[in-house]
Amino acid sequence: MSKLITKAKMIVDKDFVISEVDPRIYGSFIEHLGRAVYGGLYEPDHPSADGDGFRQDVIDLVKELQVPIIRYPGGNMVSAYNWEDGVGPREERPDRLELAWRVIETNEIGTNEFMDWTRKVGSEAMMAVNLGTRGIDAARNLLEYTNHPGGTYWSELRKEHGYKDPHNIKTWCLGNEMDGPWQVGHKTAYEYGRLANETGKAMRLVDPSIELVSCGSSNSDMPTFPSWEAETLEHTYDVADYISLHQYYGNHDNDTANYLAQSLEMDHFIHTVIATCDYIKAKKRSKKQMMLSFDEWNVWFHSNEQDKKIEPWSVAPPQLEDVYTFEDALLVGSLLNTMLKHSDRVKMACMAQLVNVIAPIMTENGGGAWKQTIFYPYYYTSVYGRGVTLNPVINSPKYDSKDFTDVPYLDASVVYNEANEEVVIFATNRHLEDTLRVDIDVRSFADYDTIEHVVLENDDPKAINTFQNQQVQPHNNGESFFEDDNLVGILPKMSWNMIRLKKQ
Ligand code: AHR
């Protein structure tokens with residue numbers, strides 16, 4: 001433990017409720033990209049493969065994460081995807097040029113197999129429709145195929161394909177990143193807004209119980225952000241329930257202090273999208289509150305150079321295989337804190353992605369599966385961050401970095417699980433040298449005591465995990481104690497912590 005001590009204070013009060021946490025904030029994403037599906041989920045020759053060819057070792061790790069919802073099948077890939085290619089007898093499915101990632105898509109896995117897999121891991125699906133090369137017709141047919149009980153062309157075809165019962169997929173994304181010039185079938189805000197609204201209307205006629213996500217900007221640096229949100233929502237406000245946010249982070253300048261502050265950027269992004277939604281709400285005199293689906297977020301930069309060397313038109317090449325460092329895990333912890341603190345509006349979020357492709361879980365073809373550094377904050381927050389979020393009043397010393405001013409060393413979120421009589425504090429110490437002593441006034445939880453203080457710490461911000469060597473792993477020996485009715489948490493320098501209190 002470092003010797004220098006910096007001090008911070010925090011108040012945690014039962015009455016400072018932000019919102020119920022929608023568990024879908026701990027969602028994830030599987031795209032037909034790289035080795036996510038082939039070699040990740042599905043590898044029929046693998047020693048752990050089950051009767052359907054799915055890797056049991058991967059299923060077990062995904063189940064550990066308790067992922068409530070998984071977005072599929074893309075991502076950029078969906079914008080030129082023919083969903084019909086991926087259903088029916090396997091031997092009749094075509095090999096296709098997959099244009100987003102310039103690979104060959106064999107279509108061995110499609111909608112039905114993915115739904116089988118989601119049932120194995122205990123998740124629900126968030127399905128995206130192609131609004132790049134296709135539109136209303138393909139979307140309403142797919143929905144009829146997946147959700148209609150029977151007696152019509154597409155629902156009977158599903159039955160013929162071996163699925164008597166409908167999949168009843170509840171959540172649907174109206175396309176993916178349609179503001180991005182790289183997207184096949186890229187659209188202007190006007191074109192997208194019109195198409196998304198008309199597609200959503202038709203889908204709702206097929207199944208009025210579904211929820212729809214309208215595409216927000218691909219990231220907050222897009223030149224059209226946030227006018228894209230304002231203009232598209234003019235069209236989709238009534239039909240959509242959510243607007244999407246996507247953002248990837250990276251330590252491009254190798255400046256750890258600056259990097260760890262990037263969750264402030266996420267916070268600002270969320271604020272701006274909320275403001276834009278509420279502006280349209282006011283303009284339309286609407287009573288409806290637009291919710292946010294942060295359905296792509298993570299660190300993504302390590303693999304950028306490597307990906308340029310991948311030859312086009314191969315099957316399942318190792319694309320976007322970021323190997324995550326300890327400092328990436330710290331930022332991921334703070335990104336989760338940021339979304340939790342916005343849980344009144346951020347109802348769904350997807351760590352992008354889940355297996356092999358910018359993922360918490362890695363596999364070797366024919367070999368093992370292991371946990372990347374970022375697995376850990378995701379795991380603990382997903383498993384223990386269920387209940388209502390409480391607004392922590394934080395008084396922390398601050399620092400300035402290259403891109404940020406007034407960055408609090410202490411970053412924290414708090415979740416109260418009334419049913420389990422537990423209060424869980426997720427806290428990052430961003431200080432690179434000093435231990436942080438946090439005096440926490442837990443006032444309304446006087447009869448609670450600490451049952452666990454998990455710490456993720458490492459002297460090397462660049463430490464990584466491999467199958468052979470798990471250098472970055474949490475331990476359960478965190479130091480926290482009660483002093484003068486206050487809970488005192490001792491957070492080592494550069495550390496992510498979970499302090500769990502239970503009623504005695
Ligand atoms: O997750 C990787 C890619 O990032 C997705 O396909 C796309 O939607 C985003 O740009």
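This tour moves from one helix pair to the enclosed spaces of a predicted model.

Begin by selecting residues 56–65, which form helix α1, together with residues 375–384, which form helix α11; the two pack with their axes 8 Å apart and at an angle of about 55°. That angle makes α1 oblique to α11, because angles that are neither roughly parallel, roughly antiparallel nor roughly perpendicular, the last running from 65 to 115 degrees, count as oblique. Next, show the side chains where the helices meet: on α1 these are L61, E64 and L65, and on α11 they are F375, Y378, Y379, S382 and V383. Coloured by class, the residues of this contact divide into six nonpolar, one polar and one charged.

Now turn to the cavities, of which the structure holds four of 30 Å³ or more. For the largest, select W83, A128, V129, N130 and L142, the residues nearest its centre among the 13 that line it. The space in this largest cavity comes to about 90 Å³. If you then add β7 (124–129) and α3 (136–147), you will have on screen the elements that each give two or more residues to its lining. By class, the lining of the largest cavity has 10 nonpolar residues, two polar ones and one charged one.

Finish at the second largest cavity, whose volume is about 60 Å³. To outline this second cavity, select H32, L33, G34 and Y38, then V103, I104 and E105, and lastly V315, A316, P317 and Q319, which line it together. Seven of the residues in the lining of the second largest cavity are nonpolar, three are polar and one is charged.

Methods:
Residues numbered from 1 in each chain as written. Predicted model: local features only at pLDDT ≥ 70, side-chain atom pairs only at ≥ 80, totals over all residues. Heavy atoms only, no water. Axes fitted to C-alpha atoms, helices over the stretch in contact; angles between N-to-C directions. Helix = DSSP H or I, 4+ residues; strand = E, 2+ residues; numbered from the N terminus. Parallel < 35°, antiparallel > 145°, perpendicular 65-115°, else oblique. Contact = heavy atoms within 4.5 Å. Nonpolar A, V, L, I, M, F, W, Y, C, P; charged D, E, K, R; others polar. 1 Å grid on protein atoms, 1.4 Å probe; cavity = no way out; pocket = protein on both sides within 12 Å on 5 of 7 lines; lining within 4 Å. Points joined across faces, edges and corners; volume = space filled by probe spheres on them.
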